[in-house]
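Student: I have a structure to discuss and would like to go through it step by step. May we start with its pockets?

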Amino acid sequence: MSIRTQLWPVERQVGAEILAWKDTWPLHLPLLGGIVRHTATATALITVCCLGLLTACTDGDHQGKSEPTPRTALRLRQSAETVGVGGRGAMRITPGTVVYVHKAGTGAPEHELYAVVAFSAENRTDTPVTATTGKGGFRWKASNGHTVEAGNSKGAARIAPVGFHDGGPTVQPHTFRRNTIAFDITKSEKGGTLVYVDGHGDTFRWKIPATSSGDVVSALKSALT
């Protein structure tokens, strides 16, 4: 119901009283002060009602438009609880190590270097779960906002270091797989944000150091040579 509709009975009553006294006010001068006081009281009542209704509407609108709190960016070795492709299953994603290299095997980056991230994907359900890694789930966002998907060049897409690549994105029940993702970036884009978008479209972020860091830096660099 609109504010105008709710206040109409009050306005109609006050208006009728004023019209009834308009033509006979000289005969009722002793009572005029009472009329003025009554009219002022009614006007004050209308004002209070308007303010109260407007406040209620404003509060209701504010409560209905609350925004979700953004997720805090994680760090290396911190896990994100995600879901698989199609919103099915539960997958724990944990990036553990990042290395920056100027070549991998015989391949050289198209830009200046590769950022290679080793991560684990753990299936915590009773059925196979497929991570979104094969569907552009991982991205690298530089401090200037420039964002690329994993495997954004031919060389980056071919990187699969021995001992860090357990297979495809599908993980069997109650097991985990280790894998790597690689990004072809410039030196100025080191120390970016690793972004993962899961099967629900939810976004998870990790702040990545600008130097090679993590549990298995030496082993991963050795596997990339």
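Student: How do the residues of the lining of the second largest pocket divide into nonpolar, polar and charged?

Tutor: Please keep in mind that this is a predicted model. The lining of the second largest pocket has five nonpolar, five polar and two charged residues.

Student: Which residues line the second largest pocket?

Tutor: The lining consists of Thr94, Gly96, Thr97, Ala118, Phe119, Ser120, Phe164, Phe176, Arg178, Asn179, Asp215 and Val216. The strands β3 (90–101), β4 (113–123) and β9 each supply at least two residues of that lining. The pocket holds about 150 Å³ of space.

Student: And what volume does the largest pocket have?

Tutor: The volume of the largest pocket is about 190 Å³. It is lined by 14 residues, and those closest to its centre are Ala150, Gly151, Ala157, Thr180 and Ile181.

Student: Which element gives the most to the lining of the largest pocket?

Tutor: That is β9, with three residues. Both α3 (154–158) and β9 (176–185) supply at least two residues each.

Student: How many charged residues does the lining of the largest pocket have?

Tutor: There are no charged residues in that lining; eight are nonpolar and six are polar.

Student: Changing topic to β11: which side chains point to one face, and which to the other?

Tutor: In β11 (residues 203–207) the side chains alternate. Phe204 and Trp206 point to one face and are buried, whereas Thr203, Arg205 and Lys207 point to the other face and are not buried.

Student: Which strand pairs with β11 in the antiparallel sense?

Tutor: Strand β10 (residues 193–197) does, over five bridges. Within this pairing, Tyr196 stands opposite Phe204. The hairpin of β10 and β11 has five residues between the strands, and Gly201 takes a positive phi near 85° there.

Student: Which strand runs parallel to β11?

Tutor: Strand β1 (residues 74–75) runs parallel to β11, and two bridges join them. Leu74 has Trp206 as its bridge partner in β11.

Student: Trp206 again! Where else does Trp206 come up?

Tutor: Trp206 belongs to the largest nonpolar core, which has 26 residues. Together with Phe138, Trp140 and Phe183, Trp206 is among the residues with the most contacts inside that core. Two or more residues of this core come from each of β3, β4, β6 (138–141), β9, β10 and β11. The most come from β4, which gives five. Another core, of 13 residues, lies apart from it and includes Tyr114, Ala156, Val217 and Leu220.

Student: What do nonpolar side chains tend to do in general?

Tutor: In soluble globular proteins, nonpolar side chains tend to be buried together.

Student: Two threonines next. Why does Thr175 count as partly exposed?

Tutor: Thr175 counts as partly exposed because its relative accessibility is 33%, and the partly exposed range lies between 20% and 50%. Thr175 lies in the loop between β8 (170–171) and β9. Setting aside neighbours within four places in sequence, Thr175 is in contact with Ala121, Glu122 and Asn123.

Student: And Thr132, buried or exposed?

Tutor: Thr132 is buried, because its relative accessible area is 6%, and buried means under 20%. The place of Thr132 is in the loop between β5 (129–130) and β6.

Student: With which residues is Thr132 in contact, leaving aside its neighbours within four places in sequence?

Tutor: Thr132 is in contact with Val85, Gly137, Tyr196, Val197, Asp198 and Gly199. Tyr196 is the residue that stands opposite Phe204 in β11.

Key. Residues are numbered from 1 along each chain as its sequence is written. This is a predicted model: local features need pLDDT of at least 70, side-chain atom pairs count only at pLDDT 80 or more; totals for chains, interfaces and linings use all residues. Side-chain values use heavy atoms; hydrogens and water are left out. On a 1 Å grid over the protein atoms alone, a cavity is a set of points where a 1.4 Å probe fits but cannot get out, and a pocket is an open set with protein on both sides within 12 Å along at least five of seven lines; lining residues have an atom within 4 Å of a point. Grid points are joined across faces, edges and corners, and a volume is the space filled by probe spheres set on the points. Helices (H or I, at least four residues) and strands (E, at least two) are DSSP runs, numbered from the N terminus. Ala, Val, Leu, Ile, Met, Phe, Trp, Tyr, Cys and Pro count as nonpolar, Asp, Glu, Lys and Arg as charged, and the others, Gly among them, as polar. Buried means under 20% relative accessible area, exposed over 50%, partly exposed in between (1.4 Å probe, protein chains only). Two strands pair if DSSP finds at least two bridges between them. A nonpolar core is a set of buried Ala, Val, Leu, Ile, Met, Phe, Trp, Tyr and Cys residues joined through side-chain atoms within 4.5 Å. Contact means heavy atoms within 4.5 Å.
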